[in-house]
Amino acid sequence: MKALDGIKILDFTHVQSGPTCTQLLAWFGADVIKVERPGEGDATRKQLVDVPGADSLYFTMLNHNKRSIELNPKTPKGKEILTRLVKSCDVLVENFAPGALDRMGFGWERIQELNPRMIMASVKGFGPGKYEDCKVYENVAQCAGGSASTTGFLDGPPLVTGAQIGDSGTGLHLALGIMTALFQRERTGRGQRVLAPMQDGVLNLCRVKLRDQQRLEKGPLTEYSQHGEGIPFGESVPRAGNDSGGGQPGRILKCKGWETDPNAYTYFITQAAAWPKVCDVIGKPEWKDDPDFATPKARLTRLNFIFETIEQWTMTKTKFEVMEICNPLDIPVGPILSMKEIAEDEGLRATGTIVEVDHPTRGAYLSVGCPIKFSDLEVEVKRSPLLGEHTEEILRDVLGYTENEIHEIAGSGAIGALPKAAE
Ligand code: CAO
């Protein structure tokens with residue numbers, strides 16, 4: 001028994017934002033039917049290819065546990081099939097460019113007519129307004145949502161982050177919106193539209209920076225290191241390097257081996273409660289009673305000097321030794337883990353967050369499993385579908401077409417050639 005058993009998702013998503021959302025729903029037990037353009041499929045199948053002829057990791061890592069149907073809803077027969085799918089599914093999820101679904105003849109009004117219980121969930125780059133018609137990718141969302149202007153160093157240009165907060169972040173927002181709409185439908189019997197604009201999702205994740213924007217209007221942001229360096233603030237929240245975003249000062253510090261290992265660093269937080277232990281560990285017990293260092297307020301103007309001194313200590317230890325020494329003392333630190341270290345991490349493998357998945361054309365590959373853990377819901381990560389692998393099965397078992405009708409459909413151009421059975 002899975003939480004979303006019996007829920008059918010008509011998955012019109014592609015690239016990253018939408019597929020992350022429907023992958024989560026599939027992990028929670030929904031039957032996710034991914035509709036793909038005949039002969040081509042989701043463009044990511046052929047992007048960043050590492051094994052010639054096989055679906056790319058970009059595709060496989062975002063489309064686990066789904067079924068794939070090849071379908072062109074722009075043909076008359078394709079429209080008939082899509083109409084039947086809309087009538088038999090609970091949620092339609094899409095992240096096409098604005099207007100694409102309307103051009104197919106399946107806008108919100110038509111969907112409601114066909115199935116008033118349907119939830120229609122969309123990712124778009126922007127919400128209603130002057131940019132609503134724009135096509136948007138990850139980095140555009142990071143820039144328009146306030147992330148890039150607040151990421152990077154004070155003396156450098158805006159930076160985008162490696163975490164896909166615009167795509168995967170918005171996919172998460174949309175999944176929460178869908179679950180909420182499903183819950184509401186239990187009470188009202190009605191479906192509704194759910195929209196997760198990428199700009200809004202990124203801004204939601206940058207909430208603390210809008211907090212700081214308003215604080216800045218009242219005076220300098222004293223916890224930002226530029227304050228201690230005597231650099232005046234401008235009108236907007238500045239880029240703050242690796243400063244901690246909260247009230248507990250923190251920095252990334254070099255560890256043993258940093259000269260050759262680009263990831264021999266630790267994040268080190270000087271949480272007020274742990275300060276006396278920090279002083280002992282780094283060999284500065286006298287700082288505990290020194291008025292220049294004893295209080296958080298006194299430390300604020302000396303953060304650069306304090307962290308330089310702590311770094312003299314961290315440079316004598318590996319990032320893992322820093323963790324082993326500081327953790328028992330409740331000093332919050334964290335090693336900078338490389339993707340190689342994460343891929344090999346036994347703990348993440350044991351919890352199923354890193355999983356090895358087998359695939360008929362590409363062989364075994366690593367993926368990120370479900371990052372949310374439940375006590376009463378087991379998530380099994382199954383490989384992504386081959387293009388059109390389930391076309392016949394869906395036409396027959398979900399929509400009730402007969403074998404003869406399926407062969408007729410195959411000749412109509414609505415589904416392309418009938419796929420071979422997959423392993
Ligand atoms: N059969 C036939 N046609 C299909 C089809 C199918 N199964 N699936 C899609 N198409 C058609 C669409 O109808 C559309 O045609 P028209 O423009 O003629 O109406 C066409 O394919 C292209 O769709 P698109 O504009 O969505 O795709 P794109 O590659 O040009 O743009 C993207 C990609 C991501 C920029 C755009 O979809 C977008 O802005 N989406 C919303 C924001 C978003 O999700 N961005 C994140 C992207 S990364 O996660």
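This is a chat about a predicted model, covering its ligand site, a helix and two buried residues.

Me: Hi! Let's start with the ligand. How many residues surround it, and which are the closest?
Reply: Happy to help! The ligand is surrounded by 22 residues, and the closest are Ser17, Arg37, Arg103, Lys135 and Val136.

Me: How does that shell divide into nonpolar, polar and charged?
Reply: The shell around the ligand has ten nonpolar residues, six polar ones and six charged ones.

Me: Which atom of lysine 135 lies 2.4 Å from the ligand?
Reply: A polar side-chain atom of lysine 135 does, and its partner is an oxygen atom of the ligand. Backbone atoms take part too: a backbone N or O atom of alanine 97 lies 2.8 Å from an oxygen atom of the ligand. For leucine 71, a backbone N or O atom is 2.9 Å from a nitrogen atom of the ligand.

Me: Nice. How much of the ligand does the protein bury?
Reply: The protein buries 82% of the 940 Å² that the ligand exposes when taken alone.

Me: Switching to glutamate 36. Where does it lie?
Reply: Glutamate 36 lies in strand β2.

Me: And is that one buried or exposed?
Reply: Glutamate 36 counts as buried because its relative accessible area is 2%, and the cut-off for buried is under 20%.

Me: What does its side chain make a polar contact with?
Reply: The side chain of glutamate 36 pairs with the side chain of serine 68, at 2.8 Å. Leaving aside neighbours within four places in sequence, the contacts of glutamate 36 include Arg45, Phe59, Leu71 and Leu387.

Me: OK, on to helix α3. What should its 13 residues span?
Reply: At 1.5 Å a residue, helix α3 (residues 76-88) should span 18 Å. The end C-alpha atoms are 19 Å apart, which agrees.

Me: Which residues of α3 are buried, and what covers them?
Reply: The buried ones are Gly78, Ile81, Leu82, Thr83, Leu85 and Val86. Their cover includes strands β1 (8-12) and β2 (31-36), along with helices α5 (108-114), α17 (391-398) and α18 (403-410).

Me: What about leucine 399, where is its place?
Reply: Leucine 399 sits in the loop between α17 and α18. Leucine 399 is buried, since its relative accessible area is 8%.

Me: Which residues is leucine 399 in contact with?
Reply: Leaving aside neighbours within four places in sequence, leucine 399 is in contact with Ile81, Arg84, Leu85, Ser88 and Ile394.

Me: Last one: how far apart are leucine 399 and arginine 103?
Reply: Leucine 399 and arginine 103 are 296 residues apart in sequence, and 24 Å apart in space from C-alpha to C-alpha.

How values were computed. Residues numbered from 1 in each chain as written. Predicted model: local features only at pLDDT ≥ 70, side-chain atom pairs only at ≥ 80, totals over all residues. Heavy atoms only, no water. Helix = DSSP H or I, 4+ residues; strand = E, 2+ residues; numbered from the N terminus. Expected span 1.5 Å × (residues − 1). Buried < 20%, exposed > 50% of the residue type's maximum accessible area, 1.4 Å probe, protein only. Contact = heavy atoms within 4.5 Å. Near = heavy atom within 4 Å. Polar contact = N/O pair within 3.5 Å; in protein donor to acceptor, adjacent residues only side chain to side chain. Areas by Shrake-Rupley, 256 points an atom, 1.4 Å probe, with all protein chains shown as cover. Nonpolar A, V, L, I, M, F, W, Y, C, P; charged D, E, K, R; others polar.
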